[in-house]
Amino acid sequence: MFDDFLFRALIAGIGIALVTGPLGCFVVWRRLSFFGDTLAHSALLGVILSISFDINISLSIFAVSSLVALILLRLQNTTNLAGDALLGLLSHSSLAIGLLVLGFLSFIRFDIMGVLFGDILSVNVNDLIIIWAGGAIILFVLWLIWKPLFASTVNYELAEAEGMNPKRVNAIFTILLAALIAISIKMVGLLLITGMLIIPCAMARNLSNNPKQMVVLSIIGGLLSVFVGLYASFEINTSSGPTIVTVAIILFILSLSRIRKKY
Amino acid sequence: MIDNDLLVKVSDAGLYKDGKWLVKGVNLNITKGKIVTLIGPNGSGKTTTAKIALGLYKNIEGTVERLTNKISYVPQKVSIDWTLPVRVIDFMVLTQDLRDQEINDALNLTGVEHLKNNNLRELSGGEFQRVLLARAIAKKPDLLVLDEPVQGVDFTGEVELYALIKKISETLQCGILLISHDLHVVMSATDYVVCLNGHVCCSGTPLAVAQNKEYKELFGEKSSHLLSLYEHEHDHVHDSDGNIIKEAK
């Protein structure tokens with residue numbers, strides 16, 4: 001059964017959707033969508049390093065994305081530059097460096113489209129293990145820090161005053177995002193991972209009136225996008241990432257008719 | 001001297017930020033069962049002082065000792081983004097685990113039990129303040145820091161809530177640090193007043209502060225009368241240092 005690439009892709013997609021739902025909600029709540037993009041852009045450098053030094057691609061993406069995340073946290077404390085400017089700075093510098101290094105590696109055959117948009121054909125059993133094991137760790141850590149993370153999302157100072165450690169949970173959350181990007185890049189591609197993170201959550205927001213409900217609906221939205229998206233990408237022969245994200249967009253548009261504007 | 005009832009001791013504290021002192025040379029003690037009120041004009045450093053006491057700033061002058069971890073905080077402003085759907089009942093357990101009964105009791109005390117399942121964004125300003133206060137008292141803290149807790153609450157509600165705050169300090173024996181602009185209502189319930197204007201301009205019992213020259217300059221002669229008026233309602237006698245000599249019932 002694991003020989004069938006479509007089946008492997010489905011298992012991988014389910015694993016990713018289970019993680020993007022809860023993590024994506026926090027990305028939306030904390031206004032971090034652009035931050036997701038920054039981490040994803042820096043993943044290109046991770047991919048290139050992985051090819052040049054022949055190390056595991058997820059590991060190398062995780063290392064580079066975490067590094068960029070930590071540099072960001074550091075810069076936030078040392079400069080007065082606005083958040084979006086800092087993100088733009090990091091996002092494009094890591095992208096530029098990645099492309100520059102790629103230029104030196106012209107002798108290597110390298111499928112950049114697969115990295116940008118995801119490639120279901122490339123998902124092997126090893127990747128499945130990385131996705132599910134990594135995903136389980138991410139969800140477990142998120143469950144551990146849920147309360148302080150949520151409290152500091154609602155009000156940072158209130159959480160800190162009442163004995164939580166928002167700075168630490170923020171840093172942990174950032175690392176979790178980097179880890180998610182590392183495990184999902186093969187499937188969704190680095191250009192579209194932010195879409196996978198926030199679109200099901202945006203849909204879920206339209207249908208929910210409390211945080212837990214929004215998380216559950218985000219997961220369901222993500223799963224639906226993966227099921228329908230993968231089937232469509234197989235039938236009409238398109239890249240998996242764009243197809244999944246397009247399905248998510250369609251779900252979002254459908255959810256607009258049920259929007260709870262009142263809240 | 002170490003006081004068993006001491007909860008927070010702020011010694012000669014100050015905060016220097018962006019080229020100026022937001023507040024400087026603050027000394028204050030918060031003890032169990034007592035209400036300390038910070039008054040002062042806008043920009044005089046009231047909120048900054050409260051945050052210093054809470055330990056929210058890292059680079060302060062002076063020292064802050066906190067002898068309790070059971071702290072509740074009602075910030076001056078809490079804004080909830082539309083993207084974040086939070087009901088009152090979710091908000092109540094934000095930093096604490098509570099039983100249903102405890103949630104109901106606290107909401108009942110501030111008069112907003114009927115709003116339990118409403119989304120925070122549906123509440124009016126006054127209702128939201130009542131929810132903030134309910135959340136803060138629900139976990140029965142040792143220290144309660146209230147930054148303008150009754151803003152936007154109607155007048156009768158304001159009197160009620162101040163009476164509630166007074167009652168909480170007595171029943172829970174918790175120390176309260178209160179920031180308020182409503183001199184006339186607050187003073188009747190306060191044990192100790194710190195008048196700020198970038199520094200501690202004066203401090204002491206409401207009566208002592210009301211008669212202070214700097215206080216009169218800051219708030220005008222009229223408010224001094226206002227403050228002393230309420231002294232008549234006090235049920236105890238102070239010595240010259242502001243210590244309570246005896247409860248005169």
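Here are some notes on this predicted model, covering a sheet, a core, a chain contact and two backbone oddities.

1. **The sheet in chain B.** Six strands of chain B make up an open sheet with mixed pairing, and the order runs β5-β6-β7-β3-β8-β9. At the edges sit β5 (71-74) and β9 (200-204) of chain B, each of which pairs on one side only. Ignoring direction, neighbouring strands here are turned by 10 degrees against each other on average.

2. **One pair inside that sheet.** Take β3 (residues 35-39) and β8 (residues 192-196) of chain B: the two pair in the parallel sense, over four bridges. If you want a spot to click on, Ile39(B) has Cys195(B) as its bridge partner in β8(B).

3. **The largest nonpolar core.** This one counts 145 residues, and the members touching the most other members are Ala43(A), Ile181(A) and Val145(B). Helix α8 (residues 166-188) of chain A gives the most to the core, with 13 residues. On the chain B side, domain 1 (1-70 + 142-157 + 169-236) and domain 2 (77-140) both give residues to this core, so it lies between them. As background, nonpolar side chains tend to be buried together in soluble globular proteins.

4. **Around Ala43(A).** Which residues is Ala43(A) in contact with, once neighbours within four places in sequence are left aside? They are Ile61(A), Val64(A), Ser65(A), Ile181(A), Ile185(A) and Leu190(A). Ile181(A) is worth a second look, as it also belongs to the trio that touches the most other core members.

5. **Where chain A meets chain B.** The contact takes 22 residues from chain A and 21 residues from chain B. On the chain A side, α1 (5-29), α6 (125-154), α7 (156-161) and α10 (211-235) each supply at least two residues. The largest share of that side comes from α7(A), with five residues. By type, the chain A side splits into eleven nonpolar, six polar and five charged residues.

6. **Asn237(A).** Not a glycine, yet Asn237(A) has a positive phi of about 55 degrees. You'll find Asn237(A) in the loop between α10 and α11 (240-255) of chain A. Is Asn237(A) buried or exposed? Asn237(A) counts as exposed, because only 12 or fewer C-beta neighbours are allowed for that label and Asn237(A) has 8 inside 10 Å.

7. **Gln173(B).** Chain B has a case of its own: phi of Gln173(B) is near 55 degrees, a positive value in a residue other than glycine. Gln173(B) lies in the loop between α5 (155-171) and β7 (175-179) of chain B. With 14 other C-beta atoms within 10 Å, Gln173(B) is partly exposed.

Notes. Residues are numbered from 1 along each chain as its sequence is written. Chains are lettered from A and ligands numbered from 1 in the order in which they are written. This is a predicted model: local features need pLDDT of at least 70, side-chain atom pairs count only at pLDDT 80 or more; totals for chains, interfaces and linings use all residues. Two strands pair if DSSP finds at least two bridges between them. Axes are lines fitted to C-alpha atoms, for helices over the stretch in contact, and angles run from 0 to 180 degrees between N-to-C directions. A nonpolar core is a set of buried Ala, Val, Leu, Ile, Met, Phe, Trp, Tyr and Cys residues joined through C-beta atoms within 7 Å. A residue is buried if 20 or more other C-beta atoms lie within 10 Å of its own, exposed if 12 or fewer, and partly exposed in between; C-beta atoms are placed from the backbone. Domain bounds come from an automatic or database domain assignment. Two residues are in contact if their C-beta atoms, placed from the backbone, lie within 7 Å. Ala, Val, Leu, Ile, Met, Phe, Trp, Tyr, Cys and Pro count as nonpolar, Asp, Glu, Lys and Arg as charged, and the others, Gly among them, as polar.
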